[in-house]
Number of protein chains: 2
Amino acid sequence: MSGEQEPGTGLAAVVVGAVRSRHAFEDCVERLATAIRLGVYPHGTALPPERELAVALGVSRATLREAIAGLRAAGMVATTRGRGGGTVVLHEPATPGEGGRARLRGRRDELLDDLVFRRVVEPGAVQVAAGRTLSPAERTLVADSLAEVAAATDPAEHRQADSRLHLALATVTGSPRLVEAVTTVQSGLHDMLVAIPVLRVNLEHSSAQHAAIVAAVLDGDGARARREMERHCDDTAALLRGLLD
Amino acid sequence: MSGEQEPGTGLAAVVVGAVRSRHAFEDCVERLATAIRLGVYPHGTALPPERELAVALGVSRATLREAIAGLRAAGMVATTRGRGGGTVVLHEPATPGEGGRARLRGRRDELLDDLVFRRVVEPGAVQVAAGRTLSPAERTLVADSLAEVAAATDPAEHRQADSRLHLALATVTGSPRLVEAVTTVQSGLHDMLVAIPVLRVNLEHSSAQHAAIVAAVLDGDGARARREMERHCDDTAALLRGLLD
DNA sequence: CTGCATTGGTCTGAGGCCGGACCATTGACG
DNA sequence: CGTCAATGGTCCGGCCTCAGACCAATGCAG
C-alpha cells in the first residue's frame, strides 16, 4: 500500500464539510420557497400558524417571521391578521419554458450532482416503498397523487403535481432521511425543469412511467418499481443534461 | 381521488423539517468526534490548523475552538502551541463488543432508519463509482483502503479501516452529496457495530464481500458492485437488527 | 544563536437568534 | 350582537456567533 503514513489522506477534505451554511432565516426562506414552488403548499392555501411552523422548522418565531417577510417581499405570500387570518400562498406555479433559466447560473456542478444523487435515491426509495405493507391512507395518497398528475392540464400545475407525486412516493417509505433526500433532489430538479419547455411527447412518456412506477409500488414489486424509476430518472436526466453547457 | 381540497395534506408535515438542530459548536463537536471515531483522523495524527479547519467547517474560529475545547474535555484530543504544535488525536479506536451500548439508548427509530437509508445509498454509490473512469489516485485510494482492512489485526483498528474503506468508495463517486450521505450513515452504523462483539466468521465473510465490491468497482462493473454491496448491507443489517429490541 | 514563520490563546464590538411576554386585529360562535 | 379564541405584530433581555486584530509560545531555517 502507498498511503501508510497518512491513512486518512484524501478523506478528511471531503468528509468534513460545512456545518452551517448561511443565516438561519435564509435557510427558512429557501425551505419555504421550495415547499411552495414544489406545490407542498399550493396556490391559495394557507401556511400553518407562525408559532406552529416555527416549531416545525426548529427556529424561533422571530426568525421565522423574518423569513416570511422575505417571502412577502418577493410576492410569494400575503399575510392577514386576526382569527381565520394567516399567511396565504400567492405564488403562481411556474410554467415550464418561460424564463427561469436565471436560477441555473453558476450552479452547474451542483445540479449535475443533483442528477447523480437522484438516480441513486429515488429508485432506492420506490424499492423501499414497494417492500413495505402500505396502509390504506398511504395507498390512497400515492394513487391520488398519480391521478392529480394525470388530471393536470395546465403545464404549470402538471409540474407541481409531478413533484408532489415524487414526494408522496418518498413519504410512504416511512424513512425520514429518504424524504429529506428526495425533497432536496426535487428542489434542484424543479429549477431545471421549469427552464425548459415541455413537449407533449415527453409528458405522455413521463405519465406512462409514473403509472408503471405507482403500479409496481402498489403491487409490492420492489425490483420492478426500481427499474421503472431508474428509466424515469435516466430519461429526465438525458433531457436536462443539455441544459447545463 | 379523495384529497382534492387539500392537495398537499400529509406532505407538509414531512417535507418541512428542522433547519437548525442545536448550537453551532455542538454540531462541530459531533462532526469532529464522528470523524475521529471513524478513523478519518486516526490515533496519533494531528487535526488541521484551527484557521483552516474553521473554514472547512463553515464556522468562525471562536466557535471551532469551543468545539475543540469540548473534545479536549472528553479526552479525545490534546493541544500544544507553537510552530509544529496543533491538536492531536488521543482517542483510542473503540473495540467492538466492549460497552458502547449506551450510545444506542433511545435512538431505535433513528438507527433503524439508518439501515434503510444505507441500503439505498451505499449500493447506489458503488454503482456510480464503478460507472466512472477512475484516476490512478482514486484507484490507489480504494485499493489501499481495502488492503488496510485486510491487514488490520486488532478488531478496533479493523473497525476504523472498514469505515474508511466505505468512505473511500463514496469519495471516488465524485459526488459531494453521496459522500455526505455515506458519512452520516457510517456514523450511525459505527455506533451499532462497536456495541457487538465481532466473530471471526463474520470478519472473514465481510472481508470477502469487501474484496468483491472493490474488484467490481475497479472493473467498472456497476451492476455487480451494486449487487455485492447490497448483500453486504443486508448481512450487516441482519446482524444488527437484533440489537435494537 | 537569532529571526521569524507557524500555530494556539485572548479580547472586543457588532449582529443574529432565542424565548417569552404582551399588544392588536379579526372573525367564528354562542 | 357581544365574547373571546386564534392569529399576526412588537418588544426586550440574554446568549451565541462572527470577523478581525492582537498576544504568546514554539521550533525551524539561516
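Helices (H or I, at least four residues) and strands (E, at least two) are DSSP runs, numbered from the N terminus. Residues are numbered from 1 along each chain as its sequence is written, while chains are lettered from A and ligands numbered from 1 in the order in which they are written. The model is predicted: local features need pLDDT of at least 70, side-chain atom pairs count only at pLDDT 80 or more, and totals for chains, interfaces and linings use all residues.

**Exercise 1. Describe the fold of chain A.**

Step 1. List the elements: chain A has ten helices and two strands.

Step 2. Put them in order. From the N terminus on, they run α-α-α-α-β-β-α-α-α-α-α-α.

Step 3. Judge the compactness. Chain A has a radius of gyration (taken over C-alpha atoms) of 20 Å, close to the 18 Å from the globule rule (2.2 Å times the number of residues to the power 0.38) for 245 residues, so chain A is as compact as a globular protein of that length.

Step 4. Count the buried residues, those with 20 or more other C-beta atoms, placed from the backbone, within 10 Å of their own. They make up 44% of the 245 residues of chain A.

**Exercise 2. Find which parts of the protein lie near DNA strand D.**

Step 1. Apply the cut-off: a residue is near a strand if its C-beta atom, placed from the backbone, lies within 6 Å of it.

Step 2. Name the nearest residues. Among the 24 residues around DNA strand D, His23(B), Ala24(B), Thr63(B), Gly82(B) and Arg83(B) come nearest.

Step 3. Assign elements. At least two residues of this surface come from each of helix H4 (61–73) and strand S2 (86–89) of chain A, and from each of helix H2 (24–37) and helix H4 (61–73) of chain B.

Step 4. Sort by class, with Ala, Val, Leu, Ile, Met, Phe, Trp, Tyr, Cys and Pro as nonpolar, Asp, Glu, Lys and Arg as charged, and the others, Gly among them, as polar. The surface near DNA strand D has eleven polar, seven charged and six nonpolar residues.

**Exercise 3. Work out how chains A and B are paired.**

Step 1. Count the residues in contact (C-beta atoms, placed from the backbone, within 7 Å). Chain A gives 54 residues and chain B gives 54 residues.

Step 2. Find the main contributor. On the side of chain B that touches chain A, H5(B) gives the most, with eight residues.

Step 3. Sort that side by class: 31 nonpolar, 14 polar and nine charged residues.

Step 4. Superpose the copies by least squares on the C-alpha atoms of residues with pLDDT of at least 70 in both. A turn of 180° and a shift of 0.0 Å along the axis lay chain B on chain A with an RMSD of 0.1 Å. This is the relation of a two-fold axis.

Definitions and conventions. Two residues are in contact if their C-beta atoms, placed from the backbone, lie within 7 Å. A residue is buried if 20 or more other C-beta atoms lie within 10 Å of its own, exposed if 12 or fewer, and partly exposed in between; C-beta atoms are placed from the backbone.
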